[in-house]
Amino acid sequence: MFVVGLTGGIGSGKTAATDYLTTLGVTIVDADLASRVVVEPGKPALKAIAERFGDHVIAEDGALDRRALREIVFADPDALKALEGITHPAIGQELRNQIAASKSPYTVLVSPLLFETSQKELVHRTLVIDAPAELQVKRTMARDHVPEEQVAAIMKAQLERTKRLDQADDVVENHGSLEKLHGELDVLHKLYLELADNHF
Ligand code: ATP
């Protein structure tokens, strides 16, 4: 299966892009969603987290208490490493399963952490959705009703824009209308269909 990894900073338009690719019949595998699936009650990763961090990170209904866990790993890099040692392999396996189950001509793996994790090893080509920082802030504030400082803090923690662009095979500049975004994706979709055809 030919896999395109799609990434970009907060509010760049990853979801706007994958929503459109879905309408073209492309299967989207979402790393954010997979990261939640692997810690659902009954899943091995949740059990491993409880064993490592204690039962107080499990809420009464059996679900992961994300806030309790966040408080532990926030100020403790070793704890964060241990957590990622549990979650990253589980997410990787979930993504591989979903990619294997895809029936579309090619599959898009969308992940905000594509370049920062071993998820990049799952893809054959990378597409960055890029937008100017001011627009990322404006769009995210309007979408999530959050203050500018909060968006700026998340952007600071994310990979630098230039580093992301350096690693991209393809870049869509999403600073115009949605129609313009769709038009650029139409061109790439044709290219990816061709690449998928020649991929064994
Ligand atoms: P996150 O990383 O936070 O999940 P994202 O990269 O998925 O963000 P989107 O949710 O797709 O970003 O876009 C952010 C907001 O900007 C959304 O409300 C979306 O509808 C809007 N948006 C995206 N692209 C455009 C565009 N070209 N024109 C107008 N609005 C846009």
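In this predicted model, a nitrogen atom of the ligand lies 2.7 Å from an N or O atom in the side chain of N174, and the protein covers 73% of the 630 Å² of accessible area that the ligand has on its own. Two further polar approaches involve oxygen atoms of the ligand: one such atom is 2.6 Å from an N or O atom in the side chain of K14, while an oxygen atom of the ligand is also found 3.3 Å from a polar atom of S12, which in this case belongs to the backbone. The residues around the ligand number 14, and those that come nearest are K14, T15, A16, R143 and N174. In terms of secondary structure, helices α1 (14–23) and α6 (133–144) each contribute at least two residues to this shell, with α1 giving the largest share, namely 3 residues. As for the site as a whole, the space that the ligand takes up is the largest pocket.

From the ligand one can turn to the loop that links α6 and α7, where H145 is located. H145 has a positive phi of about 55 degrees although it is not a glycine, and H145 counts as exposed because its relative accessibility is 68%, where exposed requires over 50%.

The loop between α7 (148–157) and α8 (161–166) holds L159, a residue that is classed as partly exposed because its relative accessible area is 21%, a value that falls between the limits of 20% and 50%. Leaving aside neighbours within four places in sequence, L159 is in contact with F115, E116, R164 and Q167. A long-range pairing in sequence also involves this residue, since the C-alpha atoms of L159 and G9 are 7.8 Å apart in space although 150 residues separate the two along the chain.

Strand β3, which spans residues 107–110, includes T107, and at 0% relative accessibility this threonine counts as buried, because that class takes in values under 20%. Once residues up to four places away in sequence are set aside, the contacts of T107 include M1, F2, V3 and V4, and T107 also touches V26, T27, V29, I99 and S102.

Following the chain onward from β3, the loop between β3 and β4 (125–130) contains Q119, which is likewise buried, because its relative accessible area is 10% and thus under 20%. The side chain of Q119 makes a polar contact of 2.5 Å with the side chain of S111. Not counting residues up to four places away in sequence, Q119 touches S111 as well as A31, I91, L95, L109, L113 and L114.

A last loop to consider is the one between α4 (66–74) and α5 (77–101), where D76 lies. A polar atom of the D76 side chain is placed 3.1 Å from the backbone nitrogen of D78. With a relative accessibility of 32%, D76 counts as partly exposed, because this value lies between the 20% and 50% limits.

Key
Residues are numbered from 1 along each chain as its sequence is written. This is a predicted model: local features need pLDDT of at least 70, side-chain atom pairs count only at pLDDT 80 or more; totals for chains, interfaces and linings use all residues. Side-chain values use heavy atoms; hydrogens and water are left out. Helices (H or I, at least four residues) and strands (E, at least two) are DSSP runs, numbered from the N terminus. Buried means under 20% relative accessible area, exposed over 50%, partly exposed in between (1.4 Å probe, protein chains only). Contact means heavy atoms within 4.5 Å. A residue is near a molecule or strand if one of its heavy atoms lies within 4 Å of it. A polar contact is a pair of N or O atoms within 3.5 Å; within protein, one must be able to donate a hydrogen and the other to accept it, and residues adjacent in sequence count only if both atoms are side-chain atoms. Accessible areas come from the Shrake-Rupley method with a 1.4 Å probe; for residues, only the protein chains shown count as cover. On a 1 Å grid over the protein atoms alone, a cavity is a set of points where a 1.4 Å probe fits but cannot get out, and a pocket is an open set with protein on both sides within 12 Å along at least five of seven lines; lining residues have an atom within 4 Å of a point. A molecule sits in a cavity or pocket if more than half of its atoms lie within 2 Å of its grid points.
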